[in-house]
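Biologist: Hi! I'm new to this one, could you walk me through it?
Modeller: Happy to, let's bring it up and start with a single residue.

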Amino acid sequence: MNVILALIYEFFKTGLFAVGGGLATLPFLYDIAARYDWLDVSIMPDMIAISESTPGPIGVNMATYCGYNAGFLQGGIGFGMLYGLAATLSLILPSLITIIIVARILDKFQNSTLVDNAFKGLRPAVCGLIASAALTVFASACLEVDLFEISGSFASLFDIKALVLFVLLFAVNKKFKLHPVFIIIPAAIVGIIFEM
Amino acid sequence: MKLLWDLFFTFARIGAFTFGGGYAMLPMIQNEVVERKKWATEEEVMNYYAVGQSTPGVIAVNTATFIGYRQAGVLGGIFATLGVVAPSVVIITVIAAFIRNFLEYEVVEHALAGISVAVAVLVISAVINLWKKGVKNLFGVFMFVIGFAISVFTNWSPIVVVILAVIGGITYGKVTNSKAGDGK
């Protein structure tokens with residue numbers, strides 16, 4: 001019982017203090033692993049890799065994974081599922097409360113030119129933040145930066161298969177405005193067939 | 001009640017096809033929330049992202065709560081939030097319980113390589129959309145460059161960008177307002 005209470009408390013705290021997205025929760029998880037024996041540092045590399053490559057927000061995936069492992073140690077798969085759910089709900093509860101409060105405050109200032117002007121500055125800046133994230137995603141999907149740094153030849157910088165797929169998908173997406181699922185699933189199939 | 005379940009299942013779909021961080025959710029939000037359901041405009045989604053960046057918690061969750069709350073109050077916020085995390089809980093539990101060596105399968109590795117290209121396409125297209133809606137003048141271009149440059153060249157927290165953008169926006173508003181007042 002003590003373990004699940006500690007788990008709920010620790011993940012609530014993580015959700016409350018980790019600002020700036022899923023990976024911002026990582027230092028908190030290492031801290032938890034250092035202080036309790038129900039979470040082990042050795043699971044972290046697998047946890048990060050799996051959380052990044054499965055669907056869903058990374059922070060949420062990591063919480064479910066940590067919770068599952070903590071529960072599994074206590075009493076097998078059933079406990080794992082329960083603890084995974086508990087960790088996830090504890091992580092998102094502070095967000096839920098904070099956002100509802102912020103939304104209410106913003107509603108009160110709906111006609112304030114000050115808030116309106118603040119958002120006029122925020123929207124393009126956030127667009128810039130996301131553009132930088134897009135660049136990172138593109139580089140890791142279509143470029144071989146590591147290989148390029150070793151060989152120094154531009155020919156080795158480009159992952160040709162990935163670039164061809166990128167151009168094709170981009171053209172299709174622009175022309176037909178499909179639901180993202182119809183870009184993701186064919187890309188997965190192409191990846192398997194052409195052994196990307 | 002119908003709206004609440006609609007929020008839950010729409011955000012569950014979004015959660016199930018978000019590969020990567022909160023920004024990877026953007027193409028799904030634009031398609032499902034802005035174009036199909038018309039629960040928010042492109043501008044509002046950017047506002048939610050700005051708030052989500054600077055408040056505690058996972059950005060995807062913050063955005064879901066915001067849109068849900070705006071549609072159907074506190075319960076709407078709860079349903080949208082539970083929706084966006086539901087696929088994670090199921091998928092991660094299944095992987096942790098039954099397929100620990102999931103990432104070692106070659107098929108998974110190839111599929112993920114393909115998916116990461118798709119995510120790059122979708123996120124870049126989403127940014128182009130945002131640019132069209134959010135960057136309207138020279139001041140917008142300036143703020144865009146600040147956000148982009150800080151994020152690419154430093155490891156400062158996104159909160160720095162948010163604070164600078166708020167100050168920039170308010171200052172710009174004051175300057176243009178006093179000019180408009182003088183002129184008209």
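Modeller: Let's begin with Ala70(A), which is buried, because its relative accessible area is 0%. One thing to keep in mind throughout is that this is a predicted model.

Biologist: Thanks! Where does Ala70(A) sit in chain A?

Modeller: Ala70(A) belongs to helix H4 of chain A, which covers residues 58-108.

Biologist: And which residues does Ala70(A) touch, if we skip those up to four places away in sequence?

Modeller: With those set aside, Ala70(A) touches Leu7(A), Trp38(A) and Tyr83(A).

Biologist: How far is Ala70(A) from Met196(A)?

Modeller: Their C-alpha atoms are separated by 35 Å, and the two residues are 126 residues apart along the chain.

Biologist: OK, new topic: helix pairs. What do people usually quote for those?

Modeller: Two packed helices are described by the angle between their axes and by the distance between the axes.

Biologist: Let's try that on H2(A) and H3(A), then. At what angle do their axes cross?

Modeller: Helix H2 (residues 26-35) and helix H3 (residues 44-53) of chain A cross at roughly 150°, and their axes come within 12 Å. Angles over 145 degrees count as roughly antiparallel, so H2(A) is roughly antiparallel to H3(A).

Biologist: Is that crossing right-handed or left-handed?

Modeller: H2(A) passes H3(A) in a right-handed crossing.

Biologist: Which residues meet there?

Modeller: From H2(A) we have Leu26(A), Leu29(A), Tyr30(A) and Ala33(A), and they meet Met44(A), Met47(A) and Ile48(A) of H3(A). By type, the residues of this contact are seven nonpolar, no polar and no charged.

Biologist: Good to know. What about a pair that involves both chains, say H5(A) and H6(B)?

Modeller: Helix H5 of chain A spans residues 113-142, and its axis comes within 7 Å of the axis of H6(B), crossing at roughly 40°. H5(A) and H6(B) are therefore oblique to each other. H5(A) passes H6(B) in a right-handed crossing.

Biologist: Who's in contact in that pair?

Modeller: On the H5(A) side, the residues include Lys120(A), Gly121(A), Pro124(A), Cys127(A) and Leu135(A). On the H6(B) side, Phe139(B), Gly140(B), Met143(B) and Phe144(B) are among them. The residues of this contact divide into 11 nonpolar, six polar and one charged.

Biologist: Let's stay with chain B. How many helices and strands does chain B have?

Modeller: Chain B has seven helices and zero strands. Its C-alpha atoms fill a box of roughly 70 × 45 × 25 Å along the principal axes.

Biologist: How much of chain B is buried?

Modeller: Of the 184 residues in chain B, 55% are buried. As for contacts in chain B with a separation of 6 or more, 57% of them come from residues 24 or more positions apart.

Biologist: Can you show me a residue of chain B up close? How about Asn31(B): buried or exposed?

Modeller: Asn31(B) is buried, because its relative accessible area is 6%. Asn31(B) is placed in helix H2 of chain B.

Biologist: What does Asn31(B) contact?

Modeller: Leaving out neighbours within four places in sequence, Asn31(B) is in contact with Leu178(A), His179(A) and Pro180(A) of chain A, as well as Arg36(B). The side chains of Asn31(B) and Arg36(B) are joined by a polar contact of 2.7 Å.

Biologist: Now the loops. Where is Lys136(B)?

Modeller: Lys136(B) is in the loop between helix H5 (106-134) and helix H6 (138-153) of chain B. With 63% relative accessibility, Lys136(B) counts as exposed.

Biologist: Which side chain does Lys136(B) make a polar contact with?

Modeller: The partner is the side chain of Glu43(B), at 3.4 Å.

Biologist: Last topic: backbone angles. What's the phi of Lys38(B)?

Modeller: Lys38(B) has a positive phi of about 55°, although Lys38(B) is not a glycine. Lys38(B) lies in the loop between helix H2 (26-36) and helix H3 (42-54) of chain B. Lys38(B) counts as exposed, because its relative accessibility is 64%.

Biologist: And what about Glu195(A)?

Modeller: Glu195(A) is not a glycine either, and has a positive phi of about 45°. Glu195(A) sits in the segment after helix H8 (181-193) of chain A. With a relative accessible area of 51%, Glu195(A) is exposed.

Biologist: Great, thanks for the tour!

Definitions and conventions:
Residues are numbered from 1 along each chain as its sequence is written. Chains are lettered from A and ligands numbered from 1 in the order in which they are written. This is a predicted model: local features need pLDDT of at least 70, side-chain atom pairs count only at pLDDT 80 or more; totals for chains, interfaces and linings use all residues. Side-chain values use heavy atoms; hydrogens and water are left out. Axes are lines fitted to C-alpha atoms, for helices over the stretch in contact, and angles run from 0 to 180 degrees between N-to-C directions. Helices (H or I, at least four residues) and strands (E, at least two) are DSSP runs, numbered from the N terminus. Angles under 35 degrees count as roughly parallel, over 145 as roughly antiparallel, 65 to 115 as roughly perpendicular and the rest as oblique. A crossing is left-handed if the near helix is turned anticlockwise from the far one by less than a right angle, and right-handed if clockwise. Contact means heavy atoms within 4.5 Å. Ala, Val, Leu, Ile, Met, Phe, Trp, Tyr, Cys and Pro count as nonpolar, Asp, Glu, Lys and Arg as charged, and the others, Gly among them, as polar. Buried means under 20% relative accessible area, exposed over 50%, partly exposed in between (1.4 Å probe, protein chains only). A polar contact is a pair of N or O atoms within 3.5 Å; within protein, one must be able to donate a hydrogen and the other to accept it, and residues adjacent in sequence count only if both atoms are side-chain atoms.
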